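Got the viewer open? Take the stops below in order, and keep the selection box handy.

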Amino acid sequence: MKTLYLIRHGHSLHNELFPKLGVQAFRIPEVRDSPLTEKGHAQSKKLGETIGNKCIELVLVSPLMRTLETAHNIFKDENVPIRCIEGLREYPLGLDTCNIRSDVSVLSEKFPYIDFSHLVSDTDIYWQKNGETLQELDERIGAFVEYVRGLPETKIAVVSHNSWIGRLKDKHISQLENGEEELQHCYPYEYTLV
């Protein structure tokens, strides 16, 4: 049995722009690999003050800037290994420019203590202009679950995204444009993987 602490990244630039621009906030060039806002940095640092009591053995993180910054702010003082996993990226893998990954050479320079060895290419070869299907997302999640089952660690933090986490834990993706409630930023949803 594994205990996963599913953490959505902190408030990001595209989240800040959404009330003004709607879904276009996810697709403009200015939000490419969207970083955290000041609010997002504060949210993740606040969670970092309390997460130590969870005895986390490993952190798995999406390779997008907002999740990497979130993981850094939460776990920088925890002395826990942080591993970047491509399959943890936001859905859809494509379409939205906020979900285009920066090159690994850039990311590894900014976050030298994060293990990027599981990424197969320096550049983003997965982002698609047309986006991915829900079936493809489910396949990504299934591959991740099998990967986690093979790990020796039993308490694992997963820093990912609203749609990815929602699909794993609730089999549902909330849509802001439909007025649905999204998952909280920087909140550790506990999920048991049997």
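Is Cys186 buried or exposed? Select Cys186 and show the surface: with a relative accessible area of 10%, Cys186 is buried. Keep in mind as you look around that this is a predicted model. Cys186 lies in the loop between helix 6 and strand 5. Check its backbone too, since Cys186 has a positive phi of about 55° even though it is not a glycine. For context, most residues other than glycine have a negative phi.

**The other cysteines**

Now go to Cys98. Its closest cysteine sulfur is the one in Cys186, but the two sulfurs are 16 Å apart, too far for a bond. Cys98 is buried, at 2% relative accessibility. Jump to Cys55 for the opposite case: Cys55 counts as exposed because its relative accessibility is 52%, where the cut-off for exposed is over 50%. Don't go hunting for disulfides, as the count comes to zero when sulfurs must lie within 2.5 Å.

**Helix 6**

Next, select residues 162-170, which make up helix 6. Seven of its nine residues are buried, so helix 6 is largely enclosed by the rest of the structure. To see them, pick Asn162, Ser163, Trp164, Ile165, Gly166, Arg167 and Leu168. What do these buried residues pack against? Colour strand 1, helix 5, strand 4 (155-160) and strand 5 (188-193), and you have the partners. Step just past the helix to Lys171, where phi is positive, near 60°.

**Val145, over in helix 5**

Helix 5 spans residues 134-149, and Val145 is the one to click there. Val145 is buried, with 12% relative accessibility. Leaving aside residues up to four places away in sequence, Val145 touches Leu168 and Leu193. Leu168 is one of the buried residues you just picked in helix 6.

**The second largest pocket**

Stay around here and select Ile85, Glu86, Gly87, Leu93, His118, Tyr126, Arg140, Ala143, Phe144 and Tyr147, which line the second largest pocket. The pocket has a volume of about 170 Å³. Colour the lining by class and you should get six nonpolar, two polar and two charged residues.

**A cis proline**

Where is Pro92? Look in the loop between strand 3 (82-84) and helix 4 (104-110). Zoom in on the peptide bond joining Tyr91 and Pro92: it is cis, with omega about 0°. By comparison, most peptide bonds are trans.

**Helix 1, face by face**

Move to helix 1, residues 13-21, and select the buried residues His14, Asn15, Leu17 and Phe18. Now look down the axis of helix 1: its buried residues fall within an arc of 165°, so they line one face of the helix. Turn to the other side to find Pro19 and Lys20, both exposed. The buried residues of helix 1 pack against strand 1 (2-8) and helix 3 (65-75). Strand 1 should be coloured already, as the buried residues of helix 6 pack against it too. Right after helix 1 comes Gly22, with a positive phi near 65°.

**Last stop: Asp33**

Carry on into the loop between helix 1 and helix 2 (38-48) and click Asp33. Asp33 is not a glycine, yet its phi is positive, about 50°. Show the surface once more: Asp33 is buried, with a relative accessible area of 5%.

Definitions and conventions:
Residues are numbered from 1 along each chain as its sequence is written. This is a predicted model: local features need pLDDT of at least 70, side-chain atom pairs count only at pLDDT 80 or more; totals for chains, interfaces and linings use all residues. Side-chain values use heavy atoms; hydrogens and water are left out. Helices (H or I, at least four residues) and strands (E, at least two) are DSSP runs, numbered from the N terminus. Buried means under 20% relative accessible area, exposed over 50%, partly exposed in between (1.4 Å probe, protein chains only). Contact means heavy atoms within 4.5 Å. The arc is that of the directions from the helix axis to the C-beta atoms. On a 1 Å grid over the protein atoms alone, a cavity is a set of points where a 1.4 Å probe fits but cannot get out, and a pocket is an open set with protein on both sides within 12 Å along at least five of seven lines; lining residues have an atom within 4 Å of a point. Grid points are joined across faces, edges and corners, and a volume is the space filled by probe spheres set on the points. Ala, Val, Leu, Ile, Met, Phe, Trp, Tyr, Cys and Pro count as nonpolar, Asp, Glu, Lys and Arg as charged, and the others, Gly among them, as polar.
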